[in-house]
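Subject: The structure we talked about, with notes

Dear colleague,

I am passing on the structure below, together with some notes on what turned up when I went through it. Please keep it open while you read, so that you can find each residue as it is named.

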Amino acid sequence: MRRLVAALAALLLVAGCAGAGDRAGVVVTTNILGDVTRVIAGDQAEVTVLMRPGADPHSFALSAQEAALLEDAGLVVHNGLGLEEGVTRNVDAAVRAGVPTLAAGEAADPIPYAGGEPDPHFWTDPRRMRAVVLAIADEVARVPGADAAVVRANADAYVRELDALDAWMAERFATIPAERRKLVTNHHVFGYLAQRYGFEVVGAVVPSGTTLASPSPSDLAELAAAIRAAGVPAIFADSSQPDRLARVLADQAGVRVRVVPLHSESLTAPGGGAATYLELMRSNTDAIVSALAGSH
């Protein structure tokens, strides 16, 4: 009997070790980080992205099958800093299951909102994304079956692309006079971009870092007054979110204000104008410059 119990225990131990060792592939929550992770991983690891093109990272949720993928992954990459409010519990379950997990935003030296909470929208500054790329590469290099040297070479090549993007964005934004570098958005999403390229964030229609909050009439009235005082020519609304509130605010401001769509929190499907992170950043830069450079 003792021998039988010992044999069963040994079999369970081997099965448990085999299960952990069978974990492979990378599961990424948001599609922006999914695109970047796929470039870093190349052909060294399968990358599964959970958030669909055009989805809102604050509110998208997972099916039971998608949630199970997290617990079977060799690595889970998520934005962190409170962004993916609909999948936090799923990521926490993967952590409890012993899955290696990276909260990418923690590598970006996050800045706080006015209320003190960390701003999760670090990707609007390519230099912050640079640090995130290197952190992702370190973790992907540890995924079973991945060649660490190839992964790091992929990351180094992508970092060079980010450096070129940063230089190009700085050059483009330099065409906007300093007094016109003022941003009003649907919600607080461009704090990192503003800090990097010398913009002032006048305010947001939703005075929060999440699209799940709602503005009060007094919030709209205060922002309308700020827009009139600052002479802001445009309000920027995320293309994945209805811009009704932005248009209401434009009407309340009592001045001529355009509502300009940006791809700020989600990639598009191929052909949609922002199918990759690099394409998203270039598209947004062109849209901001077009709206703000104007005649002055």
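Before anything else, a word on naming: helices (H or I, at least four residues) and strands (E, at least two) are DSSP runs, and they are numbered from the N terminus. With that numbering, Asp109 can be placed in the loop between β4 (101–103) and α5. Asp109 has a positive phi of about 50°, although it is not a glycine, and at 57% relative accessibility it counts as exposed, the cut-off for that being over 50%. Please bear in mind throughout that this is a predicted model.

As for the chain as a whole, it has 10 helices and 8 strands, and of its 296 residues 50% count as buried. Among the contacts with a separation of 6 or more, residues 24 or more positions apart account for 66%.

A good place to begin is helix α2 (residues 31–41), which is largely enclosed by the rest of the structure, because 9 of its 11 residues are buried. Those buried residues are Asn31, Ile32, Leu33, Gly34, Asp35, Val36, Thr37, Ile40 and Ala41, and what covers them includes the strands β1, β2 (47–49) and β3 as well as the helices α5 (126–140), α6 and α10. The residue that follows α2 is Gly42, whose phi is positive, near 55°.

One residue of α2 that deserves a look of its own is Ile32, which is buried, with a relative accessible area of 3%. Which residues does Ile32 touch, not counting those up to four places away in sequence? They are Trp123, Met129, Ser264, Glu265, Ser266, Leu267, Tyr277 and Leu280. The C-alpha atoms of Ile32 and Ala275 are separated by 9.1 Å, while the two residues are 243 residues apart along the chain.

Turning to how helices pack, it helps to know that two packed helices are described by the angle between their axes and the distance between the axes. The axes of α2 and α6 (residues 148–173) come within 7 Å and cross at roughly 125°, which makes α2 oblique to α6. On the α2 side the contact is made by Asp35, Val36, Val39, Ile40 and Ala41, and on the α6 side by Val151, Asn154, Ala155 and Tyr158; sorted by class, this contact has 7 nonpolar, 1 polar and 1 charged residues.

The axes of α6 and α10, in turn, come within 10 Å and cross at roughly 5°, which makes α6 roughly parallel to α10. Here Tyr158, Glu161, Leu162, Leu165, Trp168, Met169, Arg172 and Phe173 in α6 meet Tyr277, Leu278, Met281, Arg282, Thr285, Asp286, Ile288 and Val289 in α10, and by class this contact has 11 nonpolar, 1 polar and 4 charged residues.

In soluble globular proteins, nonpolar side chains tend to be buried together. In this model the largest nonpolar core has 61 residues, and those with the most contacts inside it are Met129, Phe199 and Tyr277. The largest share of this core, 9 residues, comes from helix α10 (residues 277–292). Apart from it lies another core, of 15 residues, among them Leu220, Leu223, Ala250 and Val257. As for Met129, leaving aside its neighbours within four places in sequence, it is in contact with Ile32, Val36, Phe122, Trp123, Leu162 and Tyr277.

Helix α3 (residues 64–71) has Glu66, Ala67 and Leu70 as its buried residues, and they lie on the same side of α3, because they cover an arc of only 100° around the axis. The face turned away from that buried side carries the exposed residues Ala64 and Gln65, while what covers the buried residues includes β1 (26–28), β3 (75–78) and α4 (88–96).

Two loop residues remain. Leu81, in the loop between β3 and α4, has a positive phi of about 60° although it is not a glycine. His263 is in the loop between β8 (258–262) and α10, and at 16% relative accessibility it counts as buried. Not counting residues up to four places away in sequence, His263 touches Asp238, Ser239, Thr268, Gly272, Gly273, Ala274, Leu280, Ser283 and Asn284.

With best wishes

How values were computed: Residues are numbered from 1 along each chain as its sequence is written. This is a predicted model: local features need pLDDT of at least 70, side-chain atom pairs count only at pLDDT 80 or more; totals for chains, interfaces and linings use all residues. Side-chain values use heavy atoms; hydrogens and water are left out. Buried means under 20% relative accessible area, exposed over 50%, partly exposed in between (1.4 Å probe, protein chains only). The arc is that of the directions from the helix axis to the C-beta atoms. Contact means heavy atoms within 4.5 Å. A nonpolar core is a set of buried Ala, Val, Leu, Ile, Met, Phe, Trp, Tyr and Cys residues joined through side-chain atoms within 4.5 Å. Axes are lines fitted to C-alpha atoms, for helices over the stretch in contact, and angles run from 0 to 180 degrees between N-to-C directions. Angles under 35 degrees count as roughly parallel, over 145 as roughly antiparallel, 65 to 115 as roughly perpendicular and the rest as oblique. Ala, Val, Leu, Ile, Met, Phe, Trp, Tyr, Cys and Pro count as nonpolar, Asp, Glu, Lys and Arg as charged, and the others, Gly among them, as polar.
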